[in-house]
Amino acid sequence: MHDVSSDDSLGPSTRASFANATQSTTIVADGTQAATMSCPTKAEASGTACVARRALLVTVLAGCLGVVGTNTADAQDDAPGSDERPQKADLLVFAEGDHAGEIIKPDDLKAGAPPVRAWPMDPNSKVVRKGSRLNELLLVRLDPAEIDDETKPRAADGILAYSAVCSHAGCTVTAWVKAAEGDKPVFKCMCHNSEFDPRQSGQVVFGPAPRRLAGLPLQMAGPSITVAAAFVGKVGLQK
Ligand code: FES
C-alpha cells in the first residue's frame, strides 16, 4: 500500500490534507496519562489493523479529538523552504500546544520527560519546515550517562532529536512508554508496537520496524538548540 504520508513527491497541500486526517493522543511512561500518541494514517484508517487499534485506544479517543487541530496546516506550509529537509543551524520550534511555533530552549526539556514534538525552522527566513511530515521531530532529553558512544556526538546537553516517522509503515511515533523488554522508557509506535531506544541511536528494541529512526544531530549555539547536520539514516519509508 502506498503511504502518502511519506511520499515527498507530493505537494505540501496534499501532505497537509493527509496530516489533517490523523489524530493524536498520548501515553506516558507509567501508562496512566493520556498525552501525545499518534493515531493511524488516513490510508490505514480503513484497514483491519487500524480497527483493532481503535478498539485498543477507545479510552483515549477523547484525547485524540481534543488535539486534532494541532496538525492543521496553515499557509506557511507552502512557504519556500517549508518542505526542505532540516538544514545545519536550523532552530527548533514547538509543533503543538500553547507554545506552537515558539523556539524550544534547553530548559523546556526535562531529563527523562516525554518527547516534545518539534519542527525545524530556518533561522533567517523564520520559515518553519512543516511542509513535509518527514521533518517532524521528537526531542527528548536524557541523562548523558545513559547515551551510548555512537549516539553521544549527536546530542546537545543530553538532548536528542529523531524523526517522528516510523520506519515500519510510516505512522507518527509519539508514545513514550516503559520498554517491553527493560525498565527504561522508549519511543513507541502504537500502530504495530515498534519500540525505538533514543539512547542507542534510535535502534529498534521491539516490534516489526525494519530499521532505526533517523536521527538529527544537534548542537548548542549560545542559548539555542540548533541542527548540526542532516538526518543520519533514512526517514520513515524512504528507500
Ligand atoms: S507503522 Fe508499524 S510499528 Fe510503526
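Me: Which residue in S6 stands opposite Trp176?

Reply: The model is predicted: local features need pLDDT of at least 70, side-chain atom pairs count only at pLDDT 80 or more, and totals for chains, interfaces and linings use all residues. Residues are numbered from 1 along each chain as its sequence is written. Strand S6 (residues 185-189) pairs with S5 in the antiparallel sense over four bridges, where pairing requires that DSSP finds at least two bridges between two strands. Opposite Trp176, in S6, stands Phe187.

Me: How many strands does the protein chain have?

Reply: Helices (H or I, at least four residues) and strands (E, at least two) are DSSP runs, numbered from the N terminus. Along the sequence, the pattern is α-α-α-β-β-β-β-β-β-β-β-β-β-β. Beside three helices, the number of strands in the protein chain is eleven.

Me: Which strands stand at the edges of the open sheet of four strands?

Reply: The order of this open sheet is S5-S6-S7-S8, with antiparallel pairing. Each edge strand has a single partner strand, so one side of it is left without a neighbour in the sheet; the two are S5 (175-178) and S8 (203-206).

Me: By what angle are neighbouring strands of this sheet turned against each other on average?

Reply: The axes are lines fitted to C-alpha atoms, and angles run from 0 to 180 degrees between N-to-C directions. For neighbouring strands of this sheet, with direction ignored, the average turn is 45°.

Me: What is the bridge partner of Glu195 in S8?

Reply: Strands of a sheet pair through backbone hydrogen bonds, either parallel or antiparallel. Strand S7 (residues 194-197) and S8 run antiparallel and are joined by three bridges. In S8, the partner of Glu195 is Phe206.

Me: Which residue in the hairpin of S5 and S6 takes a positive phi?

Reply: This hairpin has six residues between the strands. The positive phi, near 125°, belongs to Gly182.

Me: Is Pro217 buried or exposed?

Reply: Pro217 lies in the loop between strand S9 (215-216) and strand S10 (218-221). A residue is buried if 20 or more other C-beta atoms, placed from the backbone, lie within 10 Å of its own, exposed if 12 or fewer, and partly exposed in between. Pro217 has 20 other C-beta atoms within 10 Å, and therefore it is buried.

Me: With which residues is Pro217 in contact, leaving aside its neighbours within four places in sequence?

Reply: Two residues are in contact if their C-beta atoms, placed from the backbone, lie within 7 Å. With the neighbours within four places in sequence left aside, the contacts of Pro217 are Arg154, Ala228, Ala229 and Val232.
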